[in-house]
Amino acid sequence: MYVCYLDASKAFDRVDYFVLFRKLINRGIPGYIIRLLWNWYSCHQASVQRADILTNSFRICNGVRQGEILSPFLFAVYIDDLSAQLQSVIVGCHFSNIIINHFLFAYDAVIFPHLPRARRSC
């Protein structure tokens, strides 16, 4: 069986807030939760400290916070289109009437590519 493992840990830093919040709205997440998350994510800043020197603060304009309990869910919503696209291909491991061609968890992915016809069952 052929398997592709993908560690997309840097992808957490690339989440576009406007795309993420549009997807949350399209999923029917209540407005008060959207506003709470928007205020939480749109207003955060950071600075860097090295030894005794602290830089000026700067706005963080994209990315979900690694290590927070909500981040894997938000990232899953963000990449859900990828999962739907993979599922629509209808290739992978066949178990009865079920086709499994990928697993996604947080920023890790396992993808089962198309196998030759004679070796399709896992």
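This report walks through a small sheet and two residues of one helix in a predicted model.

## The sheet

Let's start with the strands. β1, β9 and β8 line up in that order to make an open sheet, and the pairing is antiparallel. β1 (4-7) and β8 (102-105) sit at the edges with a single partner strand each, so one side of each has no neighbour in the sheet. Going from one strand to the next, the twist averages 10 degrees.

Zooming in on one pair, β8 and β9 (residues 108-111) run antiparallel and share four bridges. One bridge to look up in the viewer joins F105 to D108, with D108 being the β9 residue.

## K23 in helix α1

Next up is helix α1, which spans residues 17-26 and includes K23. Is K23 buried or exposed? K23 has a relative accessibility of 17%, and because the cut-off for buried is under 20%, K23 counts as buried.

What does K23 touch beyond its neighbours within four places in sequence? The contacts there are V77, Y78 and D81. With Y78 there's a polar detail too: a polar atom of the K23 side chain lies 2.7 Å from the backbone oxygen of Y78.

## I25 in helix α1

I25 also has its place in helix α1. Its relative accessible area is 41%, which makes I25 partly exposed.

If you want a distance to check, try I25 and V48: they are 23 residues apart along the chain, and 34 Å separates their C-alpha atoms.

Definitions and conventions. Residues are numbered from 1 along each chain as its sequence is written. This is a predicted model: local features need pLDDT of at least 70, side-chain atom pairs count only at pLDDT 80 or more; totals for chains, interfaces and linings use all residues. Side-chain values use heavy atoms; hydrogens and water are left out. Two strands pair if DSSP finds at least two bridges between them. Helices (H or I, at least four residues) and strands (E, at least two) are DSSP runs, numbered from the N terminus. Axes are lines fitted to C-alpha atoms, for helices over the stretch in contact, and angles run from 0 to 180 degrees between N-to-C directions. Buried means under 20% relative accessible area, exposed over 50%, partly exposed in between (1.4 Å probe, protein chains only). A polar contact is a pair of N or O atoms within 3.5 Å; within protein, one must be able to donate a hydrogen and the other to accept it, and residues adjacent in sequence count only if both atoms are side-chain atoms. Contact means heavy atoms within 4.5 Å.
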